[in-house]
Each structure stands twice: as structure tokens, then as C-alpha cells.
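Please open the model in a viewer and keep the sequence panel visible. The stops below proceed from the whole chain to individual residues and their contacts.

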Amino acid sequence: MVIVTNISFPTESAKEMGERFLQVSPLPEFLSRKGPFFSSNNTGGVNSLSFYELDNDKLAEGMIAVSEYITGFFGIPGFSYEVKVSLEIEESLKMIGLA
């Protein structure tokens, strides 16, 4: 199971985002982060995608930790985010009785 975060902000806020990134509290050891991966364009600004792998039994604790991490960026002009849980194919198949 993974928690996926999609963060976006205008290029004018990039320096403040970088400064906050260096200041926010580290995530707990049970979350294995892949990313952040960045892309940008001249109309939508900067987009950051991160994947946090964790054991299923840590999902609630993981969502709290990631949500608290995201709040470290609140107040930055143009900051927006999405946090969602995504299942691996095996987990999805179990949900519909195919595994």
C-alpha cells in the first residue's frame, strides 16, 4: 500500500517551498518515501509527486504523519495538495474476491 501526495505551487513560491522543505520535521521510519519528483511548466507552475510505502497495519498512523508533514507548507502562496491511498494490484484483486 502507498500514500501518494501531489503538491503544486507557482514558480514564484519555489524558494519558500524549498526553505520549508529543509525545515519540516522528518517522517517516521516506517514510511519509505520515493521522491519527491518534480515537473513544471509555464502555466501550471511546479508539481511535486511523492510515494510513501508502508505496511497496511500502519495506514492510519501513516496518513496522520503525511498530513502533518503537508501542514508544514500551509500559508505558502498558491500551495495546493492532494493526499490519497493507492493499493497494489494484489490488494485490489483481494477486494473483489479474485485473489
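What pLDDT does the protein chain average? The model is a predicted one, and its protein chain averages a pLDDT of 94, with 100% of the residues scoring at least 70. Colour the chain by this score: among the elements, strand 1 has the highest mean pLDDT (97) and helix 3 the lowest (87).

**The whole chain**

Switch to a cartoon representation. The protein chain holds three helices and four strands, and from the N terminus on these run β-α-β-β-α-β-α. Along the principal axes, the C-alpha atoms fill a box of roughly 50 × 30 × 20 Å. Now display the surface. About 6,400 Å² of the protein chain is exposed, and carbon and sulfur atoms supply 55% of that area. Of the 99 residues, 27% are buried. A contact map adds a further view: among contacts with a separation of 6 or more, 68% are between residues 24 or more positions apart.

**The nonpolar core**

Select Met17, Phe73 and Phe79. These are the residues with the most contacts inside the largest nonpolar core, which has 16 residues. Strand 1 (2-9), strand 3 and helix 2 (59-71) each supply at least two residues of this core. Helix 2 provides the largest share, four residues. In soluble globular proteins, nonpolar side chains tend to be buried together.

Centre the view on Phe73 next. Leaving out residues up to four places away in sequence, Phe73 touches Met17, Arg20, Phe21, Val24 and Phe79.

**Strand 3 and the cis peptide bond**

Move to Ser48 in strand 3 (residues 45-53). Is Ser48 buried or exposed? Its relative accessibility is 5%, so Ser48 counts as buried. Beyond residues up to four places away in sequence, Ser48 touches Thr5, Asn6, Ile7, Pro36, Phe37 and Phe38.

From that list, select Pro36, which is placed in strand 2. Show the backbone from Gly35 to Pro36: this peptide bond is cis, with omega near 10°. As general background, most peptide bonds are trans.

**Three salt bridges**

How many salt bridges does a search of the whole structure find? The search finds three, and each can be displayed in turn.

Begin with Glu16 and Arg20, whose side chains meet in a salt bridge (3.3 Å, N to O). Both belong to helix 1 (residues 14-23), and because they are four residues apart there, about one helical turn separates them. Glu16 counts as partly exposed because its relative accessibility is 30%. Arg20 has already appeared on this tour, as one of the residues that Phe73 touches.

Continue to Glu53 and Lys34, where the side chains meet in a salt bridge at 3.9 Å, N to O. This pair links distant parts of the chain: Glu53 lies in strand 3 and Lys34 in strand 2 (residues 32-41), 19 residues apart. At 36% relative accessibility, Glu53 is classed as partly exposed; Lys34, at 39%, is also classed as partly exposed.

Then select Glu61 and Lys58, whose side chains form a salt bridge at 3.4 Å, N to O. Glu61 is partly exposed, at 43% relative accessibility, and Lys58 is partly exposed, with a relative accessible area of 29%.

**A nonpolar patch on the surface**

Return to the surface view and select Val85, Leu87, Met95, Ile96 and Leu98. Together these residues make a nonpolar surface patch of about 510 Å². Where is Leu87 found? Leu87 is in the loop between strand 4 (80-86) and helix 3 (89-95). With a relative accessible area of 34%, Leu87 is partly exposed.

**The loop after strand 1**

Finish at Thr11, in the loop between strand 1 and helix 1. Thr11 is partly exposed, its relative accessible area being 46%. Its contacts, apart from neighbours within four places in sequence, are with Gly45 and Val46. As a last step, place a distance label between the C-alpha atoms of Thr11 and Gly75: the separation is 15 Å, for residues 64 apart along the chain.

Note on methods: Residues numbered from 1 in each chain as written. Predicted model: local features only at pLDDT ≥ 70, side-chain atom pairs only at ≥ 80, totals over all residues. Heavy atoms only, no water. Buried < 20%, exposed > 50% of the residue type's maximum accessible area, 1.4 Å probe, protein only. Contact = heavy atoms within 4.5 Å. Core = buried A, V, L, I, M, F, W, Y, C linked by side-chain atoms within 4.5 Å. Salt bridge = Lys/Arg side-chain N within 4 Å of Asp/Glu carboxyl O. Patch = residues over 30% accessible without salt bridge, like charges linked within 9 Å, V, L, I, M, F, W, Y side chains within 5 Å. Areas by Shrake-Rupley, 256 points an atom, 1.4 Å probe, with all protein chains shown as cover. pLDDT = per-residue confidence, 0-100.
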